[in-house]
Amino acid sequence: MTTRSIRRSFAIAVAGVIAAGGIALAQPANAGTSAPSGPPAMLDAHSAATATAAEREGATAAPSKIGTRAHQDGLCHLYSNGQGDLCLYARAGLSESMSDFYWGDGSLWNNYFLSSGEGEGVVVANQSESYWNRDQYCGAWMYTRTNYRGDRLYVAPGDWGDFDDYYTNNIESIRWVC
Ligand SMILES: [Ca+2]
Ligand SMILES: [Ca+2]
């Protein structure tokens with residue numbers, strides 16, 4: 001590869017990043033209000049999160065928070081770029097206390113229901129009765145054992161609902177599929 005072609009490749013890569021940013025900024029600011037048909041959109045969309053799919057799936061080195069964004073802050077986020085949290089609720093019907101996951105997590109035994117309501121402060125593992133995937137592009141697997149083992153239930157992008165009898169109070173880890 002010549003010096004000239006290397007520079008050209010670099011210029012294209014930079015242009016791609018700029019274009020991607022422009023696309024994200026062009027998303028409607030109120031994308032959060034058009035989410036699932038059943039539950040209310042609890043929050044307007046926020047500024048775009050920027051993690052890659054690989055970063056979200058491989059949660060081992062993930063920070064517990066990204067600045068003021070997203071993960072485990074007690075708010076079930078949908079961002080203007082279509083990324084969002086997977087939220088687990090202490091009770092059926094997306095009710096009572098909730099715990100939000102922007103990153104996957106191999107063990108819910110050290111996570112707690114965060115928002116106000118019944119179950120607040122309780123460990124999430126084996127205590128959740130309903131779920132809401134606010135991400136518009138990534139699905140997620142929810143597992144009955146830690147470290148993505150046991151039986152698993154898939155939740156599609158934007159989907160929500162009550163766990164059935166088997167999975168109710170039976171989720172111990174979660175992994176994004178982007
Ligand atoms: Ca959040
Ligand atoms: Ca955890």
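Between which two strands does the loop that holds Leu94 lie? Leu94 lies in the loop between strand E1 (86-91) and strand E2 (95-101), and the legends below begin with the whole chain before returning to that loop. This is a predicted model, in which local features need pLDDT of at least 70 and side-chain atom pairs count only at pLDDT 80 or more, while totals for chains, interfaces and linings use all residues. Residues are numbered from 1 along each chain as its sequence is written, and chains are lettered from A and ligands numbered from 1 in the order in which they are written.

**Figure 1. Overview of the helices and strands of the protein.**
The secondary structure comes to 2 helices and 7 strands, where helices (H or I, at least four residues) and strands (E, at least two) are DSSP runs, numbered from the N terminus. Read along the sequence, these elements follow the pattern α-α-β-β-β-β-β-β-β. Of the 178 residues in the protein, 34% are buried; a residue is buried if 20 or more other C-beta atoms lie within 10 Å of its own, exposed if 12 or fewer, and partly exposed in between, with C-beta atoms placed from the backbone. Among the contacts with a separation of 6 or more, 64% are between residues 24 or more positions apart, two residues being in contact if their C-beta atoms, placed from the backbone, lie within 7 Å.

**Figure 2. The open sheet E2-E1-E3-E6.**
In this sheet 4 strands are arranged in the order E2-E1-E3-E6, with antiparallel pairing; two strands pair if DSSP finds at least two bridges between them. Because E2 and strand E6 (160-162) stand at the edges, each with a single partner strand, one side of each is left without a neighbour in the sheet. Neighbouring strands here are turned by 20° against each other on average, direction ignored, the axes being lines fitted to C-alpha atoms, for helices over the stretch in contact, and angles running from 0 to 180 degrees between N-to-C directions. Between E1 and E3 the antiparallel pairing extends over 4 bridges, and Leu88 stands opposite Tyr131 in E3.

**Figure 3. Positive phi values at Leu94 and Glu96.**
Most residues other than glycine have a negative phi. Leu94, although it is not a glycine, has a positive phi of about 55°, and this residue of the loop between E1 and E2 counts as buried because it has 22 C-beta neighbours inside 10 Å. Glu96, whose place is in strand E2, also has a positive phi, near 65°. With 18 other C-beta atoms within 10 Å, Glu96 is partly exposed.

**Figure 4. The open sheet E5-E4-E7 and its hairpin.**
The order of this sheet of 3 strands is E5-E4-E7, and its pairing is antiparallel. E5 and E7 stand at the edges with a single partner strand each, so one side of each is left without a neighbour in the sheet. On average, and with direction ignored, neighbouring strands are turned by 25° against each other. Strand E4 is joined by 5 bridges to strand E5 (residues 149-155), and Ala140 stands opposite Val155 in E5. E4 and E5 form a hairpin with 3 residues between them, and Asn147 in the turn has a positive phi of about 55°. E4 is also joined to E7 by 5 bridges; there Trp141 has Arg175 as its bridge partner, and Met142 stands opposite Ile174. E7 is mostly covered, with 4 of its 5 residues buried.

**Figure 5. The largest nonpolar core.**
A nonpolar core is a set of buried Ala, Val, Leu, Ile, Met, Phe, Trp, Tyr and Cys residues joined through C-beta atoms within 7 Å. The largest one holds 27 residues, of which Cys87, Leu88, Tyr89, Tyr131, Ala140 and Met142 touch the most other members. Two or more residues come from each of E1, E2, strand E3 (130-133), strand E4 (139-145) and strand E7 (173-177), and the largest share, 5 residues, comes from E1. Leaving aside its neighbours within four places in sequence, Ala140 is in contact with residues including Leu86, Val155, Ile174 and Trp176.

**Figure 6. Arg134 and Gly158.**
Arg134 lies in the loop between E3 and E4, and it is buried, with 28 other C-beta atoms within 10 Å. Although Arg134 and Gly158 are 24 residues apart along the chain, their C-alpha atoms are separated by 4.9 Å.
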